[in-house]
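The following exercises ask the reader to work through a protein model in order, from its overall build to single residues. Each task is followed by a solution in steps.

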Amino acid sequence: MLAGCAEPGLNIAPKPKINWNDAQSIASAISVQRDDLKKTTNFKGPNSSKGILDTVLLRAWKSDEGGGVSYQIYVIDYYHGDWRFYDTVSDSKGNILNITLDSRDVSACDYSTCAHHEHLGMNISREYLEKNQGNDIVFKISGKGGEETFIIPSIYIKAFLSVAK
């Protein structure tokens with residue numbers, strides 16, 4: 001006889017798989033959280049990174065006071081080697097984006113190298129997203145120790161704009 005440690009009535013379903021070619025599928029994966037203490041609504045898109053350990057997503061915050069919405073591209077870049085010390089971001093159209101470093105972490109080290117994570121936010125406007133919903137946002141993050149290029153697909157942008165308003 002098999003016995004389990006499940007709590008009666010607890011139904012834990014796996015997260016649904018996202019169809020990255022379908023705006024509705026992406027939109028349904030966007031988290032919408034209400035913070036009654038801060039009087040804000042938080043929107044967080046799913047991770048669209050092609051890298052296994054990287055994170056690339058859109059997020060936004062809507063304040064009850066004034067109703068304004070703040071938008072951000074959020075990236076966690078995972079890499080091996082020396083710190084990259086990211087400090088600039090530019091997109092494929094030549095726009096320089098404002099970058100904010102959230103944190104830098106060492107993941108693991110072996111005898112020859114370390115793995116690092118740099119957590120970065122780029123504040124953007126809804127207008128910027130609307131202008132780029134017809135084509136992907138391709139952007140390069142650079143620092144004195146290296147650079148990396150990331151993409152936010154146009155369909156992801158459209159889905160996020162349909163939810164975060």
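**Exercise 1. State how many helices and strands the protein chain has, and give their order.**

Solution. The model is a predicted one. Its protein chain has 3 helices and 9 strands. Read from the N terminus on, these elements follow the order α-β-β-β-β-β-β-β-α-β-β-α.

**Exercise 2. Describe the extent of the chain, its burial and its contacts.**

Solution. Begin with the extent: along its principal axes, the C-alpha trace spans about 60 × 50 × 35 Å. Next, consider burial: the protein chain has 165 residues, of which 36% count as buried. Finally, take the contacts between residues at least 6 apart in sequence; 52% of these join residues at least 24 apart.

**Exercise 3. Characterise the surface and the charges of the protein chain.**

Solution. The exposed area of the protein chain is about 10200 Å². Carbon and sulfur atoms supply 52% of that area. As to charge, there are 18 positive and 20 negative side chains. The centres of these two sets lie 5 Å apart.

**Exercise 4. Determine whether Asn132 is buried or exposed, and name the residues that it touches.**

Solution. First, locate the residue: Asn132 belongs to helix α2, which covers residues 126-132. Second, apply the cut-off: a residue is buried under 20% relative accessible area. The relative accessibility of Asn132 is 3%, and Asn132 therefore counts as buried. Third, list the contacts, leaving aside residues up to four places away in sequence: Asn132 touches Lys93, Ile137, Ser154 and Ile157.

**Exercise 5. For Lys39 and Phe85, give the sign of phi, the location and the class of exposure.**

Solution. Take Lys39 to start with. Lys39 is not a glycine, yet its phi is positive, at about 60 degrees. Lys39 sits in the loop that runs between β1 (31-35) and β2 (40-44).

Turn now to Phe85. Phe85 also is a residue other than glycine with a positive phi, here near 50 degrees. Its place is the loop between β4 (69-80) and β5 (86-91).

The last step concerns exposure. Partly exposed residues fall between the buried limit of 20% and the exposed limit of 50%. Lys39 has a relative accessibility of 42%, so Lys39 counts as partly exposed. Phe85 has a relative accessibility of 32%, so Phe85 likewise counts as partly exposed.

Conventions:
Residues numbered from 1 in each chain as written. Predicted model: local features only at pLDDT ≥ 70, side-chain atom pairs only at ≥ 80, totals over all residues. Heavy atoms only, no water. Helix = DSSP H or I, 4+ residues; strand = E, 2+ residues; numbered from the N terminus. Buried < 20%, exposed > 50% of the residue type's maximum accessible area, 1.4 Å probe, protein only. Contact = heavy atoms within 4.5 Å. Areas by Shrake-Rupley, 256 points an atom, 1.4 Å probe, with all protein chains shown as cover. Lys, Arg positive; Asp, Glu negative; His and termini not counted. Charge placed at Lys NZ, Arg CZ, Asp CG, Glu CD.
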